[in-house]
Amino acid sequence: MISSQEALQIILNNTQDFGIEEVPFLEATNRVLKEDIRADRDFPPFNSVRMDGIAVSFKAFAEGKRVFPIEGVQPAGSEQQTLKNSTNCIEVMTGATLPHNVDTVIRYEDVHISDGNATIHIDAVTEGQNVHLQGKDRKTNDVLIKKNCVLSPAEIGVLATVGKTSVAVAKQPKVMIVSTGDELVEVAENPLSHQIRRSNVYTLVSLLEKIGIKAETAHISDDKPQLKEKIHQFLLSYDALLFSGAVSKGKFDFLPEVLDELGVEKLFHKVTQRPGKPFFFGRAVGSNALQKTSVFAFPGNPVSTFMGCVKYFYPWYKKSVDLVFENFDKAILAEDFTFKPELTYFLQVKLENKKGLLVAVPAKGNGSGDLANLSNADGFLELPDDQTDFKTGEAFPLIRYR
């Protein structure tokens, strides 16, 4: 057996490159950007007006001028006008180009307009006020969005601003999620007294959808020839296989043996952790060295499968697409807790904010088979294997899932 830290490092040393594809910018939300996005012109592209009001030459105001005849109106979206007489003004609208020969905008609330004149009734006017200068935010060719970030609606707006109708993003991996076992039936079925529904598969589907991966699913019965035949096809077609069950020491747990016979290189099997001790990770390399399939085989207990995905698959995926994957989150244990085996323990916790501190309250359940308890918790507190007594107020690494 290896430690949880060793297992994670092995997984991170065996990431993959899924390639790059171009997608329409409106379909790029939550995808990983694979190109720098640069300004195609200055931001803003012209000296723009920030307030509805009048535009004047500050010099005239400084010399005591308070009543300004109105020469015209500069709407947003119209060609730039020119003030002909420096002692006059032009009415301007928010977002409009600042007219030539003016440098200061005074909002309508601070002027009175009558008989074609604008009278300023305040003295607190500063040169250049309410003007957004060309290039003040960004210059042409400045990097607006750096590659290897996850695109959010904020970045989609930037893509639209610079005219990027399509954008280069990391391809998502092709993933197959496989359940095994004759005790499993479909969600819509009524299970017999000795059967259960295929909940683990759909938990994994949802966990992968959360990071933008649309996985396929399959179920294989506890029949070794059938397992071998189907898994062989999956290894030829997918970047990653996620299994739930059939990796322990049960009489019908054929999966490790089948993977070995199919040429999957076992990188480890069994981790000093709870839940999820029988976790298997391996890889298959096809005839083309670029064709690889990573195999994550989680124990069938629902909490083990869930924890294995967020602890191990998520970092593998993030590193594969060049996202920062380090987990710096920590939470403070809310009460004393004891765990005696020399194993890393992933404690289910409910999170609370107490005076600005993130506090983890143990969500006591009934072991790794207690699927319902996951809905009572917000994450896992990772308790190290070199301690048995964990004291109130101690901080430990946190894996959040909500």
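## A walk through two sheets and a helix

Let's begin at Gln 129, which is buried, with a relative accessible area of 16%. The model here is a predicted one, and Gln 129 makes a handy entry point. The residue sits in the loop that links strand 9 (117–120) to strand 10 (131–132). Setting aside neighbours within four places in sequence, Gln 129 touches Thr 104, Val 105, Ile 106 and Ala 124.

One of those contacts, Val 105, is worth following. Val 105 belongs to strand 7 and is buried, with a relative accessible area of 0%. Beyond its neighbours within four places in sequence, Val 105 is in contact with Val 49, Met 51, Ile 54, Ala 55, Val 92, Leu 98, Gln 129, Asn 130 and Val 131.

Strand 7 takes us to a sheet. Here six strands form an open sheet with mixed pairing, in the order 7-4-6-5-9-8. Strand 7 (104–107) and strand 8 (111–114) are its edge strands, each pairing on one side only. From one strand to the next, the twist averages 40 degrees. As a general point, strands of a sheet pair through backbone hydrogen bonds, in either a parallel or an antiparallel way. Within this sheet, strand 5 (residues 67–74) pairs with strand 6 (residues 89–92) in the parallel sense, over four bridges. If you would like a specific pair to look at, Val 73 has Glu 91 in strand 6 as its bridge partner. Cys 89, at 0% relative accessibility, counts as buried.

Now let's move along the chain to Pro 153. The C-alpha atoms of Val 105 and Pro 153 are separated by 32 Å, with these positions 48 residues apart along the chain. Which residues of helix 3 (residues 153–161) are buried? They are Glu 155, Ile 156 and Leu 159. Viewed down the axis of helix 3, the buried residues fall within an arc of 105 degrees, so they line one face of the helix. A general rule helps in reading such a pattern: an α-helix has 3.6 residues a turn, so residues three or four places apart point the same way. On the other side of helix 3, Pro 153 and Ala 154 are exposed. The cover over the buried residues of helix 3 includes strand 2 (37–38), strand 11 (143–145) and strand 12 (166–170). Just after helix 3, Gly 163 adopts a positive phi of about 75 degrees.

Another sheet comes next. This open sheet has six strands in the order 16-13-17-21-20-18, and its pairing is mixed. Its edge strands, each pairing on one side only, are strand 16 (216–220) and strand 18 (265–269). Neighbouring strands of this sheet are turned by 20 degrees against each other on average, direction ignored. Strand 20 (residues 280–285) and strand 21 (residues 292–298) run antiparallel and are joined by six bridges. Arg 283 has Ser 294 in strand 21 as its bridge partner.

Helix 1 (residues 4–12) packs on this sheet, where it touches strand 18, strand 20 and strand 21. The direction of helix 1 makes about 155 degrees with that of strand 18. Helix 5 (residues 224–237) lies across strand 13 (175–180), strand 16, strand 17 (240–244), strand 20 and strand 21. Helix 5 runs at about 160 degrees to strand 16.

A last stop is at the cysteines. Cys 309 counts as buried, at 0% relative accessibility. How many disulfides does the structure hold? The structure holds zero.

Technical notes. Residues are numbered from 1 along each chain as its sequence is written. This is a predicted model: local features need pLDDT of at least 70, side-chain atom pairs count only at pLDDT 80 or more; totals for chains, interfaces and linings use all residues. Side-chain values use heavy atoms; hydrogens and water are left out. Buried means under 20% relative accessible area, exposed over 50%, partly exposed in between (1.4 Å probe, protein chains only). Contact means heavy atoms within 4.5 Å. Two strands pair if DSSP finds at least two bridges between them. Axes are lines fitted to C-alpha atoms, for helices over the stretch in contact, and angles run from 0 to 180 degrees between N-to-C directions. The arc is that of the directions from the helix axis to the C-beta atoms. A disulfide is a pair of cysteine sulfur atoms within 2.5 Å.
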